[in-house]
Amino acid sequence: YVEASRGCPFSCEFCLSSLDIPVRQTPLPRLLEHFQRLLDRGARQFKFVDRTFNLDLDASRAILEFLLERHRPGYFFHFELIPDRLPEALREVIVRFPPGALQFELGVQTFNEEVAARIHRRQDNQRLEDNLRFLRERTGVHLHADLIAGLPGESPESFAAGFDRLVGLRTHEIQVGILKRLRGAPIARHDGEWQMVYNPHPPYEILQNRLIDFATMQKLRRFARYWDLVGNSGNFRETTPLIWSNATPFAAFLRWSDWLHARTGRTDSIALARLAEFLFTFLTTEGKLDPAQTAAALWRDYQRGGRRDKPPFLKDLLPPDTASPSPA
């Protein structure tokens with residue numbers, strides 16, 4: 001874990017970093033000297049914990065150029081970026097990294113402009129979308145985008161629209177976070193007007209507000225957990241889009257989430273093979289998808305992690321020549 005800068009120029013009310021102004025940049029020559037020492041000692045994965053790595057464009061470009069010149073197979077660099085700030089000077093360096101070398105964490109948080117203004121979050125959604133399309137289509141960067149459920153004034157319908165928008169932009173991961181009231185964060189000023197009720201115990205997640213009742217918030221919490229197991233895990237890359245073959249992504253995945261919870265009563269400790277079987281049952285009964293095609297997609301996904309043990313529920317649905325590994 002390394003840090004090239006500290007502080008944040010934004011005033012998003014849910015985040016304590018909004019209180020840490022101004023941004024301070026570590027002197028670049030000294031910073032790069034320390035990075036070189038880490039590389040010489042064998043460091044291969046660098047996670048930058050800067051809140052806004054791409055704020056100072058000259059420093060960002062210099063660091064990326066430094067890492068690119070020294071890149072070797074197996075090196076990996078993670079950055080948290082302002083999603084609507086990606087000028088040509090940075091794009092030109094990013095496209096030169098090989099696939100899998102970079103991961104960008106992009107704090108989208110909300111696409112609802114009224115909600116963003118309410119919590120003092122500045123974001124150009126059109127430019128953000130253009131940047132995500134560029135990164136997805138022109139680079140090999142792994143894209144991790146964040147959305148927050150429970151922001152004051154964000155209805156379930158508004159949150160669903162934002163989720164569907166991110167799915168359409170084809171980010172590799174969407175982290176569905178539940179709003180937390182961190183001690184000292186300015187988000188507390190909305191408690192009265194928006195009837196924000198938080199859990200008094202860590203991690204202080206919101207329980208309900210004026211637009212999202214307790215039962216719906218619990219559904220969103222389960223949605224987030226199941227999305228991690230299915231959509232973000234990488235275990236069901238081909239199968240996941242089948243869930244919304246007949247509906248919008250959020251509505252369809254919420255239906256799957258409710259269905260799965262009704263049968264398991266839990267959001268953890270579900271074995272991969274068991275989860276795959278639940279998916280097959282849901283897709284072929286609730287989704288009315290073809291069993292053979294669904295089984296083939298699940299089997300290709302199942303093998304992608306190097307597994308060869310064909311789950312029993314698939315054996316009668318696949319031809320005998322499907323035991324060969326599928327491409328990663």
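Strands, such as the ones that flank the loop of Pro203, are DSSP runs of E with at least two residues, and helices are runs of H or I with at least four; both are numbered from the N terminus. The model used here is predicted.

**Exercise 1. Find the loop that holds Pro203, and describe the peptide bond that joins Pro202 and Pro203.**

Step 1. Place the residue. Pro203 sits in the loop between S8 and strand S9 (206-208).

Step 2. Read omega. For the bond between Pro202 and Pro203, omega is about 5 degrees. The bond is cis.

Step 3. Set this against the general rule. Most peptide bonds are trans.

**Exercise 2. What is phi of His120 and of Arg170, and where is each residue placed?**

Step 1. Take His120. Its phi is near 65 degrees, a positive value in a residue other than glycine. His120 belongs to the loop between H4 and helix H5 (125-138).

Step 2. Take Arg170. Phi of Arg170 is also near 65 degrees, again positive in a residue other than glycine. Arg170 belongs to the loop between helix H6 (156-168) and S7.

Step 3. Recall the general pattern. Most residues other than glycine have a negative phi.

Step 4. Add accessibility. His120 has 39% relative accessibility, so it counts as partly exposed. Arg170 has a relative accessible area of 42%, so it is partly exposed.

**Exercise 3. Ala117 and His190: is each buried or exposed?**

Step 1. Note the cut-offs. Buried means under 20% relative accessible area, and exposed means over 50%.

Step 2. Apply them to Ala117. Its relative accessibility is 51%, so Ala117 counts as exposed. Ala117 is part of helix H4 (residues 113-118).

Step 3. Apply them to His190. Its relative accessibility is 3%, so His190 counts as buried. His190 is in the loop between strand S7 (173-178) and strand S8 (197-198).

Step 4. Look at the surroundings. Leaving out residues up to four places away in sequence, His190 touches Glu13, Arg118, Ile119, Pro152, Gln195 and Met196. For Ala117, look at Cys12: the two residues are 105 residues apart along the chain, and their C-alpha atoms are separated by 9.2 Å.

**Exercise 4. Compare the end-to-end reach of H2, H5 and H11 with the span expected at 1.5 Å a residue.**

Step 1. Use the rule. The expected span is 1.5 Å times one less than the number of residues.

Step 2. Check H2. Helix H2 (residues 57-69) has 13 residues. It reaches 18 Å from first C-alpha to last, close to the 18 Å expected.

Step 3. Check H5. Its 14 residues should span 20 Å, and the end C-alpha atoms are 20 Å apart, so the two values agree.

Step 4. Check H11 (residues 291-303). Its 13 residues should span 18 Å; the end C-alpha atoms are 18 Å apart, so the values agree.

**Exercise 5. Which residue caps the N-terminal end of each of H2, H5 and H11, and what covers the buried residues of each helix?**

Step 1. H2. The cap is Asp56, with a side-chain oxygen 3.3 Å from the backbone nitrogen of Asp58. Buried residues of H2 include Ile63, Leu64 and Phe66. Their cover includes strand S2 (24-25), helix H1 (28-40), strand S4 (76-81) and helix H3 (88-94).

Step 2. H5. The cap is Asp124, with a side-chain oxygen 3.2 Å from the backbone nitrogen of Gln126. Among the buried residues of H5 are Leu128, Leu132 and Phe134. The cover includes H3, strand S5 (102-109), H4, strand S6 (142-149) and H6.

Step 3. H11. The cap is Asp290, with a side-chain oxygen 3.2 Å from the backbone nitrogen of Ala292. Buried residues of H11 include Leu298, Trp299 and Tyr302. The cover includes helix H8 (240-243), helix H10 (272-286) and helix H12 (312-315).

**Exercise 6. How does H10 pack with H9 and with H11?**

Step 1. Start with helix H9 (residues 249-264). H9 and H10 pack at about 120 degrees, with axes 11 Å apart. That angle makes H9 oblique to H10. The contact includes Trp256 and Trp259 of H9 and Phe278 and Phe282 of H10. H9 passes H10 in a right-handed crossing.

Step 2. Turn to H11. H10 and H11 pack at about 155 degrees, with axes 10 Å apart. They are therefore roughly antiparallel to each other. This crossing is right-handed. Contact residues include Ala276 and Leu283 of H10, and Ala295 and Leu298 of H11.

Note on methods. Residues numbered from 1 in each chain as written. Predicted model: local features only at pLDDT ≥ 70, side-chain atom pairs only at ≥ 80, totals over all residues. Heavy atoms only, no water. Buried < 20%, exposed > 50% of the residue type's maximum accessible area, 1.4 Å probe, protein only. Contact = heavy atoms within 4.5 Å. Polar contact = N/O pair within 3.5 Å; in protein donor to acceptor, adjacent residues only side chain to side chain. Axes fitted to C-alpha atoms, helices over the stretch in contact; angles between N-to-C directions. Parallel < 35°, antiparallel > 145°, perpendicular 65-115°, else oblique. Left-handed = near helix turned anticlockwise from the far one by under 90°.
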